[in-house]
Amino acid sequence: MIKIGVIGYGYWGPNLVRNFAELPGATVAAVADLDAAKLQIVQRRYPAVRTATDYRDLLSDPSIDAIAVSTSVSTHFELGMAALKAGKHLWLEKPMTETSEQARQLIAEAERRKLVLIVDHTFIYTGAVRKIGEIIKSGDLGKMYYYDSIRVNLGLFQRDVSVISDLAVHDFSILDYLLGEHPSAVSASGTNHFPGTPENLAYITLFYDSGTIAHTNVSWLAPVKVRQILVGGSKKMIIYDDLEPSEKIKVYDKGVNFTDDPAQIHEMRVGYRTGDMWAPKLSGAEALQVGSQHFVDCIVNSKKPETDGHLGLRVVELIEAATTSMRRKGETVYLQGKGKAS
Ligand SMILES: NC(=O)c1ccc[n+]([C@@H]2O[C@H](COP(=O)([O-])OP(=O)(O)OC[C@H]3O[C@@H](n4cnc5c(N)ncnc54)[C@H](O)[C@@H]3O)[C@@H](O)[C@H]2O)c1
């Protein structure tokens, strides 16, 4: 039995506690939150779970094997480092840290102590993203031309991070998983409509050496919720609508062919292909259930998590690059030494 302590029982923490509590092979030993009222909710829902307002009570408990941190981003480094130093395996919410330097320090500490460090890039564990990955890997999509995402709704405005850290991180991690390649350059524009608050709207373009171009539009200031991604390939195109209760993914056999005959190329002969559309069957498992099970499996069997600290770091580097570009009104930021992901 892997005993887990969860720090932070705000909006996301209850999902972690529920999933860890239901896992075979794991148990939630304790929950910490600064807010005693939230701990009362824990006590009502899970009478056997110990609660504490001081997270250090969890770290000093030798029976706890792993700590999950689900607090505001500005506290991830301090709490995560303290957990590793106490010898605990670590689950960190996304984004991993505020800065890439902090992420590197956490990776080094976890590696030195041979502890599992996983970052909750939840979308990687969804049936939909895994299915798109399968379609790309099988070669059915062909060359990936573009990735175009809209991730907008009204709120939840965050106090300590911009909409890039809150929402675009999902696209950064999905792209890392699907492409296995880092962008070579980033350009972003965005703004805060309310003085003194983090940017609440951003448009981010990522350029890849392979020729793929990716764009994400993220906002906390939209009248309706949209979670839609278009993936365009040379053989197929995919629409992924995360709000669809079923048939989240639709694969279209549509595309264009240009003649490769050099004698005719100037005539721009375009052949249009409009074939079938189908909706592949997806795993219905909750992403957090898959991710939390994977975390426990990594601890028990000394495995490297799919969403390890290195993925977390690459995402934080993209947040930094996009934020720099956004604050320079879209100036291109080049990511030195990037290429194939390890
Ligand atoms: N993976 C996902 O899809 C997903 C979705 C939502 C949020 N998140 C992430 O989860 C984290 C938490 O977000 P949230 O929306 O739940 O925030 P929140 O503000 O609703 O909750 C944070 C909780 O942490 C507690 N807390 C803060 N500092 C603490 C400390 N030192 N000790 C103990 N408790 C402390 C607060 O009292 C609060 O209850 C963030 O990193 C966020 O990005 C991830």
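Biologist: Is strand β9 enclosed or open, and why?
Modeller: In this predicted model, β9 spans residues 201-207 and is largely enclosed by the rest of the structure, because 5 of its 7 residues are buried, that is, under 20% relative accessible area.

Biologist: Which strand pairs with β9 over 7 bridges, and in what sense?
Modeller: Strand β8, residues 185-191, pairs with β9 in the antiparallel sense over 7 bridges, and within that pairing Gly 190 has Ala 202 of β9 as its bridge partner.

Biologist: And what about β10, how many bridges there?
Modeller: Strand β10, which covers residues 213-219, is paired with β9 in the antiparallel sense over 7 bridges, with Leu 206 standing opposite Ala 214 of β10.

Biologist: What lies between β9 and β10?
Modeller: The two strands form a hairpin with 5 residues between them, and in the turn Gly 211 has a positive phi of about 105°.

Biologist: Switching to helix α6, why is it described as largely enclosed?
Modeller: Helix α6 runs over residues 127-137, and 8 of its 11 residues are buried, so the rest of the structure largely encloses it.

Biologist: Which residues are buried there?
Modeller: The buried residues of α6 are Gly 127, Ala 128, Val 129, Lys 131, Ile 132, Gly 133, Ile 135 and Ile 136.

Biologist: What covers them?
Modeller: The elements covering the buried residues of α6 include the helix α7 (163-179), together with β7 (144-154), β12 (237-241) and β13 (249-258).

Biologist: Which residue just after α6 has a positive phi?
Modeller: That is Gly 139, which takes a positive phi of about 90° just after α6.

Key. Residues are numbered from 1 along each chain as its sequence is written. This is a predicted model: local features need pLDDT of at least 70, side-chain atom pairs count only at pLDDT 80 or more; totals for chains, interfaces and linings use all residues. Side-chain values use heavy atoms; hydrogens and water are left out. Buried means under 20% relative accessible area, exposed over 50%, partly exposed in between (1.4 Å probe, protein chains only). Helices (H or I, at least four residues) and strands (E, at least two) are DSSP runs, numbered from the N terminus. Contact means heavy atoms within 4.5 Å. Two strands pair if DSSP finds at least two bridges between them.
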